[in-house]
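Dear colleague,

I am handing over the structure we spoke about, and my notes follow it. Please read them with the model open beside you.

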Amino acid sequence: MISLILYVIHVAGMAGVILISADIIFNGLISKKNKRKAAVFFASFAHAQILSGLLLYVAKFNEVNHMKIGIKMLLGIVVAVLATIYSAKVKENKNPSASLAVYALVLAIIITGIAFLWH
Ligand code: HEM
């Protein structure tokens, strides 16, 4: 039951990272109106993925492919670092490059591919 809840949170977080990075890249619904809000969502979703992923890893320790999770963890940390740099720059009123969101989006799609395709 706990792992099911974590799983739902984790998959929702995946959608969050992908949608918010795409929103930043295309200056969409959230980022057009409020750049700061988009930046906070970006960093929060990315960190939530690491936290929910770690908890999920502990909850499903005996069932998971450890190599796959290790690789996902490293790439997930890179996504969180990119999102944090982006949001820190927005907070300092600097204009961060949207390419940070491009790299995060590409990585998030790769991570999702690894998650679903590698068993
Ligand atoms: C941007 C980062 C991430 C994305 C987009 C992502 C995406 C996903 C998706 C879509 C799933 C469901 C597919 C499946 O069950 O195979 C999943 C499962 C899982 N993820 Fe992540 N993930 C991310 C980061 C992480 C991190 C950092 C960890 C570990 C610290 C992690 C650990 C897990 C675990 C343990 C599962 C379920 C176990 C399994 O059956 O493979 N994830 N992830």
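In which loop does Asn27 lie? Asn27 sits in the loop between H1 and helix H2 (29-33), and please keep in mind here and below that the model is a predicted one. The backbone at this residue caught my attention, since Asn27 has a positive phi of about 50° although it is not a glycine. Most residues other than glycine have a negative phi. As to its surroundings, Asn27 has 12 other C-beta atoms within 10 Å, and because a residue with 12 or fewer counts as exposed, Asn27 is exposed.

A second asparagine belongs in this part of the notes. Asn93, in the loop between H4 and H5, also is a residue other than glycine with a positive phi, in this case near 65°. Asn93 is exposed too, with 8 other C-beta atoms within 10 Å.

The other topic is the ligand. There are 22 residues around the ligand, and of these Met14, Gln49, Gly53, Gly76 and Ala115 come nearest. The elements that contribute two or more residues to this shell are helix H1 (2-25), helix H3 (35-59), helix H4 (66-91) and helix H5 (99-117). Of the elements, H3 gives the most, with six residues. As for the chemical character of the shell around the ligand, its residues divide into 15 nonpolar, five polar and two charged.

With best wishes

Key. Residues are numbered from 1 along each chain as its sequence is written. This is a predicted model: local features need pLDDT of at least 70, side-chain atom pairs count only at pLDDT 80 or more; totals for chains, interfaces and linings use all residues. A residue is near a molecule or strand if its C-beta atom, placed from the backbone, lies within 6 Å of it. Helices (H or I, at least four residues) and strands (E, at least two) are DSSP runs, numbered from the N terminus. Ala, Val, Leu, Ile, Met, Phe, Trp, Tyr, Cys and Pro count as nonpolar, Asp, Glu, Lys and Arg as charged, and the others, Gly among them, as polar. A residue is buried if 20 or more other C-beta atoms lie within 10 Å of its own, exposed if 12 or fewer, and partly exposed in between; C-beta atoms are placed from the backbone.
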